[in-house]
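Here are a few notes to read alongside the model if you haven't met it before. Have the viewer open and follow the points in order.

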Amino acid sequence: KIESTGFSISFDKATGMLTSWTSQGTALLAKGPEPNFWRAPTDNDLGNRMPTRLAVWRIAGANRTVESFEAKQTGTAEVSISVGYDLKDVQGKATIAYRILGTGDVLLDCRFTAGGRNIPEIPRVGLNFAVPKAFSRVQWFGRGPHENYVDRKTGAFVGVYTADVRDWLVPYVSIQEYDNLTD
């Protein structure tokens with residue numbers, strides 16, 4: 001547990017997970033972050049059998065095991081946590097390094113190293129996490145205000161935008177990729 005004026009952060013050494021992050025008494029995190037290598041298949045992915053061909057990546061993050069957990073004071077107002085994971089399903093390794101500053105800021109550095117030669121391509125490399133439902137507003141600097149992709153961005157201008165998460169939900173009949181923000 002790391003505590004300072006106004007914030008508290010806790011980890012579970014057995015799972016390597018950041019289990020609690022509060023600031024001024026408000027919970028900032030509901031779950032995660034945890035390694036993720038999967039994304040929802042689109043219609044094009046179904047045509048090339050992506051869900052079957054790449055299925056091993058869907059479970060790779062969930063089946064991880066902690067190889068190392070290291071915590072150390074790295075400054076007068078800074079603590080570093082490094083968690084090393086073994087991704088046995090894909091013969092790879094992942095590391096999440098946290099720099100926790102006395103201000104309550106948390107900086108993440110995530111690394112992934114591929115393993116075996118017969119592992120299929122990776123659908124996505126990233127982290128999954130969830131924030132409490134009370135955090136329903138998003139603000140970003142970039143293209144907007146609507147979704148934009150590399151082939152559909154000239155009408156989306158760079159600026160500061162704000163949206164409600166509920167406005168980003170698209171009720172597709174089947175799961176699709178949507179609400180991407182390019183640049």
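The points below cover a sheet and then two pockets.

1. Before anything else, keep in mind that this is a predicted model.

2. Start with the open sheet of 4 strands, which runs in the order β1-β2-β3-β4 with antiparallel pairing. The edge places go to β1 (2-4) and β4 (26-27); each has a single partner strand, so one side of each has no neighbour in the sheet.

3. Next, look at how β2 and β3 fit together. Residues 7-11 make up β2 and residues 18-23 make up β3, and the two pair in the antiparallel sense over 5 bridges. If you want a spot to zoom in on, find Ile 9, which stands opposite Trp 21 in β3.

4. Now for the largest pocket, with a volume of about 560 Å³. Its lining includes Arg 39, Arg 124 and Glu 177, along with Asn 128, Gln 176 and Tyr 178. Sorted by class, that lining has 6 nonpolar, 3 polar and 3 charged residues.

5. The second largest pocket comes in at about 180 Å³. Which elements give two or more residues to its lining? They are β3, β9 (106-113) and β10 (126-130). Trp 21, the residue opposite Ile 9, is one of the lining residues here, and Leu 18, Tyr 98 and Val 106 are also among them. By class, the lining splits into 11 nonpolar residues, no polar and no charged.

6. One last thing to check on screen: Leu 127, Phe 129 and Val 131 are among the residues lining the largest pocket, and these three also line the second largest pocket.

Technical notes. Residues numbered from 1 in each chain as written. Predicted model: local features only at pLDDT ≥ 70, side-chain atom pairs only at ≥ 80, totals over all residues. Heavy atoms only, no water. Pairing = 2+ DSSP bridges. 1 Å grid on protein atoms, 1.4 Å probe; cavity = no way out; pocket = protein on both sides within 12 Å on 5 of 7 lines; lining within 4 Å. Points joined across faces, edges and corners; volume = space filled by probe spheres on them. Nonpolar A, V, L, I, M, F, W, Y, C, P; charged D, E, K, R; others polar.
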